[in-house]
Every structure is written in C-alpha cells, then in structure tokens.
Amino acid sequence: MSTVAAEPGLAGTASALRRLYFVRFGFAIVWALVMFTMAKDITPAGAVLLVLYPLFDVGAAVYDAKVSRNTGSPALLYVNVAVSSVTAVGLAVACASGVPAVLRVWGAWAVVAGLVQLIVAIPRRKMGGQWPMILSGGISVLAGGSFIASAGADDPTLSSAIGYAIPGAVFFLISALRLGRTAKGE
C-alpha cells in the first residue's frame, strides 16, 4: 500500500472527485458541441446555455466541497460558488448587450475561477491526478485575459470562449483517470 492511500478518507475523496471529473468532462464536451452551433450570435437558447455553464460549476463546487471536507478547507470552493453564481447573473445581463459583453464577463470568470482551481489543486497534489487541474487553472487565467481582449475585436464571436470548454474537459478527464489509483486505495 502506498503512502497516498494511507491517509484516512483520501481514497473516498479521490473516488468522489473522480466521478465528479468524469461528469464535468461529459457536460463540457456536450455543452461545447451544442454551443458551437450558436457561436456567431446570441440566441435565446444560447443565452440559456451560457448561463447554465457557470451554474453547473456552482453545483460541481458545492459537491466538491461536500466530498472533500476531510482533505482540506472548502473555503475556496465556496468562493468559486459565489464567483460562478455572480457570473451566471452577469452573463444573463450581458447576453442582452451582445457578444463583447459576454466575452468580458466570461473572461473575468475564467481568470478568477482559474486562480481558484489552481490554488485548490496545489495542496491536493498528494491525492494524485491534480497536475492537470493545476495546468487547467493556469491556462484558464491566460484564456480569460484573451477573451477580454477579443471582446474588442472588429467582429467578436463566442468561438474561443466555447472552445475553452474542450481543453478544460480534457483536463478533467485526465485527472479523473489519474485519480483512479488513489480511489482504489493503491
């Protein structure tokens, strides 16, 4: 038995996070594929989907906070809940103003949520499967800045913001797969 599995509750937390990461992978891929059909203009269905993405993040952060309590403080996860909730409201308002406003809100969210993801993942390294989350958090910060910058383009589209969900999904998949060993208590 490795020293990773020897910590109490680590296997259970890893197993729960593994399930969460698989769900997040699936949601992000399906969401991105549907949203790509609406990348040029904001339709009512597109607006609903744009708001749904950070709301899904709220649910994921609440679940994460619940299942990972015994491995560290969930305080930053609750910060993520607040930030994603405010983002959902901000996106609902921004959708009425157009693509540039949506890109600015989405970009600000990507920066803050990426920082939170990065800071949460660093102490979780002992669990395994967190390097993809660390990379994803750092990339999210950079991507958020690019979304904000692209809002000022001549003909901005949501393509880059939508495409951002795909690498995030892949990072969740890799983390889920890498957490398998810890989840089994190996």
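**A tour from Arg24 into the largest pocket**

Begin by selecting arginine 24, which is buried, with a relative accessible area of 17%. The model on display is a predicted one, and the stops below start from this residue.

Next, add aspartate 57 to the selection. Aspartate 57 also counts as buried, because its relative accessibility of 6% falls under the 20% limit. Show both side chains as sticks: arginine 24 and aspartate 57 meet in a salt bridge, with an N to O distance of 2.4 Å. Side chains of opposite charge can pair when their charged atoms come close. The structure holds one salt bridge. Arginine 24 belongs to helix H2 and aspartate 57 to helix H3, so the pair ties together parts that lie 33 residues apart in sequence.

Now display the surface of the largest pocket, which encloses about 510 Å³ of space. Its lining comprises 33 residues, and those closest to the pocket centre are Arg24, Asp57, Gln117, Ser136 and Phe172. Select these five residues together to see both salt-bridge partners, Arg24 and Asp57, in this central group.

Then colour the helices that build the lining. At least two lining residues come from each of H2 (10–36), H3 (44–67), H4 (75–95), H5 (99–121), H6 (131–150) and H8 (165–183). Pause on H5, the helix that gives the most to the lining, with seven residues.

Finally, colour the lining by residue class. How many of its residues are nonpolar, polar and charged? The lining divides into 22 nonpolar, seven polar and four charged residues.

Methods
Residues are numbered from 1 along each chain as its sequence is written. This is a predicted model: local features need pLDDT of at least 70, side-chain atom pairs count only at pLDDT 80 or more; totals for chains, interfaces and linings use all residues. Side-chain values use heavy atoms; hydrogens and water are left out. On a 1 Å grid over the protein atoms alone, a cavity is a set of points where a 1.4 Å probe fits but cannot get out, and a pocket is an open set with protein on both sides within 12 Å along at least five of seven lines; lining residues have an atom within 4 Å of a point. Grid points are joined across faces, edges and corners, and a volume is the space filled by probe spheres set on the points. Helices (H or I, at least four residues) and strands (E, at least two) are DSSP runs, numbered from the N terminus. Ala, Val, Leu, Ile, Met, Phe, Trp, Tyr, Cys and Pro count as nonpolar, Asp, Glu, Lys and Arg as charged, and the others, Gly among them, as polar. A salt bridge is a side-chain nitrogen of Lys or Arg within 4 Å of a carboxyl oxygen of Asp or Glu. Buried means under 20% relative accessible area, exposed over 50%, partly exposed in between (1.4 Å probe, protein chains only).
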